[in-house]
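Reader: I am new to this structure and would like to know how its labels are earned. Could you take me through them?

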Amino acid sequence: AVLLSSDGEGWCANSANKRVMVTDSGGKQSVVEIKNDLGLDLIEEPKEREAEMIKRLKKQGVDVVKIDTGGSTDDESGKKKANPNFAKSNVFG
């Protein structure tokens, strides 16, 4: 049996749980794990899925204004740039 836990930090954390880039009310961006991500992949409408992710993050006590699930970050000019370290899925095999 393989046990997965939410040990570690950031992109290197050892977990099967979904991680998203969170922008907080102060504009700071950080990678946050959604600890209860069960069923999120069953929500087909992207806006509904994003709203549910934000709801669950807030329930975890996360200060979240918006999330990015695509792996891009804002550069100094405010334009989006891709983050090559971002995995869209935490399923490896």
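Author: Gladly; what follows sets values against cut-offs, one label at a time. Please keep in mind that this is a predicted model.

Reader: Let's begin with E33. Why is E33 called buried?

Author: Buried means under 20% relative accessible area. E33 has 12% relative accessibility, so E33 counts as buried. You will find E33 in strand β2, which covers residues 29–33.

Reader: What makes the link between E33 and K35 a salt bridge?

Author: The cut-off is a Lys or Arg side-chain nitrogen within 4 Å of a carboxyl oxygen of Asp or Glu. In E33 and K35 the closest N and O atoms are 3.7 Å apart, so the pair qualifies as a salt bridge. Side chains of opposite charge can pair when their charged atoms come close.

Reader: Is K35 buried or exposed?

Author: K35 has a relative accessible area of 51%. Exposed means over 50%, so K35 is exposed.

Reader: What joins E33 to N17?

Author: Their side chains make a polar contact of 2.7 Å. The limit for such a pair of N or O atoms is 3.5 Å, and 2.7 Å is within it, so the name fits.

Reader: How many salt bridges does the structure hold?

Author: The structure holds two. Besides E33 with K35, the side chains of R56 and E52 meet at 2.8 Å, N to O. That is within 4 Å, so this pair is a salt bridge as well. R56 and E52 are four residues apart in helix α1, which means about one helical turn separates them. R56, at 16% relative accessibility, counts as buried because the limit is under 20%.

Reader: How do you know that β1 pairs with β2?

Author: Pairing needs at least two bridges between the strands. Strand β1 (residues 19–23) is joined to β2 by five bridges, so the two are paired, and they run antiparallel. Among the partners, V22 stands opposite S30 and V20 is bridged to V32. In the hairpin of these strands, five residues lie between them, and G27 takes a positive phi near 90 degrees.

Reader: What makes β1 and β3 a pair?

Author: Three bridges link β1 and β3 in the antiparallel sense, and at least two are needed, so they pair too. One of the matches is T23 with K66 in β3.

Reader: Why are β2 and β3 called edge strands?

Author: The open sheet has three strands in the order β2-β1-β3, with antiparallel pairing. The strands β2 and β3 (66–68) each pair on one side only. From one strand to the next, the twist averages 40 degrees. Helix α1 (residues 46–59) lies across β1, β2 and β3, at about 115 degrees to β3.

Reader: Which way do the residues of β1 point?

Author: R19, M21 and T23 point one way, V20 and V22 the other, and all are buried. In a regular strand the side chains alternate between the two faces of the sheet. With five of its five residues buried, β1 is mostly covered.

Reader: Which residues make up the largest nonpolar core?

Author: The core has twelve residues, including V20, V22, V32, L57 and V62. Helix α1 gives the most to this core, with three residues. Leaving aside its neighbours within four places in sequence, V62 is in contact with V22, V32 and L57. In soluble globular proteins, nonpolar side chains tend to be buried together.

Key. Residues numbered from 1 in each chain as written. Predicted model: local features only at pLDDT ≥ 70, side-chain atom pairs only at ≥ 80, totals over all residues. Heavy atoms only, no water. Buried < 20%, exposed > 50% of the residue type's maximum accessible area, 1.4 Å probe, protein only. Polar contact = N/O pair within 3.5 Å; in protein donor to acceptor, adjacent residues only side chain to side chain. Axes fitted to C-alpha atoms, helices over the stretch in contact; angles between N-to-C directions. Contact = heavy atoms within 4.5 Å. Core = buried A, V, L, I, M, F, W, Y, C linked by side-chain atoms within 4.5 Å.
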